[in-house]
Amino acid sequence: GGGIGSDNRPLRGGKATVFEGGVRVPAAARWPSGGVRGGRKVTCTMGFIDVLPTLMDLCGLERQEGPPLNGISLVPLLKGEGRLNREAIYWHYPHYHGSGNRPSGAVRAGDYKLIEWYENNSVELYNLKEDIGEKHDLADQMPEKAAELLRKLKLFIGELRML
């Protein structure tokens, strides 16, 4: 099941883990004056990093100076006018947590998700379309896919090294 304080079966793990039970949570949005109405269900992979770009877009604000925003606006998706065009989404938890989660990072691109465990640099690879419970590690069966996703994760966290 889950972790401390949660049971998210059939998803693996719980709060504060890189498994789907910790990162796959529902979100709700309603802003009728901005064209976002309730009553629709949208399935997408989004993160907290998308909230600021979405709010800025809904308010008609453009990005000025400062560091780039990693997130993307969800407005077209929320208004039913488009699809989310995201190559990958990342999680980086370089610390221990009371949930039992160990230092780790993860990347999801399409149907595949790779988890790297920082303590020993091991990886796990899952096809979430076929294995939502993350029970069948494919890293040994699909080393090329694992290496591709590990490279993306390393680039994201700025720790690319010779693999």
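The largest pocket of this predicted model has a volume of about 1,700 Å³, and its lining is made up of 50 residues, among which Val25, Cys44, Thr45, Met46 and Gly47 lie nearest the centre. Beyond the pocket, the structure holds two aromatic pairs, and strand β2 pairs in the antiparallel sense with β3 over six bridges and runs antiparallel to β1, to which five bridges join it.

**Pocket lining**

- Two or more residues of the lining of the largest pocket are given by each of the elements α1 (20-23), α2 (51-58), α3 (75-78), β1 (89-93) and β2 (104-109).
- The largest share of this lining comes from β1, which gives five residues.
- Sorted by class, the lining of the largest pocket has 28 nonpolar residues, together with ten polar and twelve charged ones.

**Aromatic pairs**

- The structure holds two aromatic pairs; in one of them, the rings of Phe19 and Trp117 have their centres 5.8 Å apart and their planes at 50 degrees, so this pair counts as tilted.
- Because Phe19 lies in the segment before α1 and Trp117 in strand β3 (residues 112-117), the pair ties together parts that are 98 residues apart in sequence, and both Phe19 and Trp117 are buried.
- The rings of Tyr90 and Phe156 have their centres 4.2 Å apart with their planes at 5 degrees, and therefore this pair is stacked.
- The pair of Tyr90, in strand β1, and Phe156, in helix α4 (residues 143-157), links distant parts of the chain that are 66 residues apart.
- Tyr90 counts as partly exposed at 22% relative accessibility, and Phe156 is also partly exposed, with a relative accessible area of 38%.

**Charges over rings**

- The charged end of Arg102 sits over the ring of Trp117, at 4.2 Å from the ring centre.
- Lys113 lies over the face of Trp91, at 5.6 Å from the centre of that ring.

**Strand β2 and its partners**

- Six of the six residues of β2 are buried, so this strand is largely enclosed by the rest of the structure.
- Both faces of β2 are covered, with Ser104, Ala106 and Arg108 buried on one side and Gly105, Val107 and Ala109 buried on the other.
- Towards β1, the bridge partner of His92 in β2 is Gly105, whereas Ser104 stands opposite Trp117 in β3.
- The strands β2 and β3 form a hairpin with two residues between them, and Gly110, in the turn, has a positive phi of about 65 degrees.

How values were computed
Residues are numbered from 1 along each chain as its sequence is written. This is a predicted model: local features need pLDDT of at least 70, side-chain atom pairs count only at pLDDT 80 or more; totals for chains, interfaces and linings use all residues. Side-chain values use heavy atoms; hydrogens and water are left out. On a 1 Å grid over the protein atoms alone, a cavity is a set of points where a 1.4 Å probe fits but cannot get out, and a pocket is an open set with protein on both sides within 12 Å along at least five of seven lines; lining residues have an atom within 4 Å of a point. Grid points are joined across faces, edges and corners, and a volume is the space filled by probe spheres set on the points. Helices (H or I, at least four residues) and strands (E, at least two) are DSSP runs, numbered from the N terminus. Ala, Val, Leu, Ile, Met, Phe, Trp, Tyr, Cys and Pro count as nonpolar, Asp, Glu, Lys and Arg as charged, and the others, Gly among them, as polar. Rings of Phe, Tyr and Trp (its six-membered ring) pair if their centres lie within 6.5 Å; planes under 30 degrees apart count as stacked, over 60 as edge-to-face and the rest as tilted. Buried means under 20% relative accessible area, exposed over 50%, partly exposed in between (1.4 Å probe, protein chains only). A charge sits over a ring if NZ of Lys or CZ of Arg is within 6 Å of the ring centre and within 35 degrees of the ring normal. Two strands pair if DSSP finds at least two bridges between them.
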